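Q: Could you take a close look at one part of this model for me? I would like to see how a single strand sits among its neighbours.

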Amino acid sequence: MPRSDGIIVEPVPSTPYLPAAPSADLPAWLSALGLPAGVSALNATPASATAMSAGIAAASTLDAIAELVAACGLCALHKTARHSVPGAGDPRAELVCVGEAPGANEDEQGLPFVGEAGQLLTKILGAIQLTRESVYMCNVLKHRPPANRDPLPDEVTACQPFLRRQLEIVQPRVILALGRFAAQTLLGTSLSLGKLRGQVHLYRGIPVIVTYHPAALLRNEAWKRPTWDDVKLARRILDAARAHDSARDGTSDLPARDR
Ligand code: SF4
């Protein structure tokens, strides 16, 4: 049944025992779950890889990345932004939300996904039993484009090493790509959001689910239902990974990182 905020809350389907860890044989793993395989960016090394600085490569914590972002001048966006917005959340999160770029509220506070769209994202995560604090949130760009214009290709290329290193540090079980820019950047594709939704893609071995950006949901209520379908898919991946770990380790179904 739809709630007052329009999000449809339904029981998350249980997941079967998995034949192998996702990283071992992910296509077989997805097949066992009945999940549709999509784009694999396993070998899609961004063109910006050579531009990644030694500092980014050497950074071993999200705080270190944040410091580098604050000092970054790889593109012109730092000149017009009020604050850098590197990301926020649990550095050991099982799910990472990746959006496009900071907006006005994010630029003002230096935090990702605040304001109305951020509140909606918090509700969406709550519908799959995840708190805002339990996930990690960041954007492809770490500084706000003026007047919220679309990111330019050079800006995405320049900023990509930060996102890449953040995901290496967090090592989430699932990435939720919010909007076309995030999805296309992560997956190295120009396919439309409509074509990318509803499948499990891969970013360097990590399952990626593509859905609408919460700001888009504020403009179009009709996209809330497909977004719910997408986040349920992300939830299934999380549950399946936990079940696999429990079966492998002979432990409870607590998240491995919580034990
Ligand atoms: S948007 Fe990214 S590449 Fe551009 S200045 Fe900010 S951190 Fe550097």
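A: Happy to help; here is a walk around strand β5 and the core. Please keep in mind that this is a predicted model.

Let's start with the strand itself. Strand β5 spans residues 174–178, and 5 of its 5 residues are buried. Both of its faces are covered: Val174, Leu176 and Leu178 lie on one side, with Ile175 and Ala177 on the other.

Next come the strands beside it. Strand β3 (residues 95–99) runs parallel to β5, and 4 bridges join the two. Here Cys97 stands opposite Leu176. Strand β7 (residues 206–211) also pairs with β5 in the parallel sense, again over 4 bridges. In that pairing, Leu176 stands opposite Ile209.

Cys97 is worth a pause. Setting aside neighbours within four places in sequence, Cys97 is in contact with Leu176 and Leu178 of the strand we began with, and also with Phe113, Leu121, Val135 and Met137.

Now for the wider setting. The largest nonpolar core has 70 residues, and those with the most contacts inside it include Ile175 and Ala177, together with Leu95, Cys97, Val98, Val208 and Ala234. Helix α11 (residues 224–249) gives this core its largest share, 8 residues. As a general point, nonpolar side chains in soluble globular proteins tend to be buried together.

For a helix to set beside the strand, try α3 (residues 62–70), where Leu62, Ile65, Ala66, Leu68 and Val69 are buried. These residues are on the same side of α3 because they cover an arc of only 165° around the axis. Their cover includes α2 (54–58) and α7 (153–170).

Notes. Residues numbered from 1 in each chain as written. Predicted model: local features only at pLDDT ≥ 70, side-chain atom pairs only at ≥ 80, totals over all residues. Core = buried A, V, L, I, M, F, W, Y, C linked by C-beta atoms within 7 Å. Buried ≥ 20, exposed ≤ 12 C-beta atoms within 10 Å, placed from the backbone. Contact = placed C-beta atoms within 7 Å. Arc of directions from axis to C-beta. Pairing = 2+ DSSP bridges.
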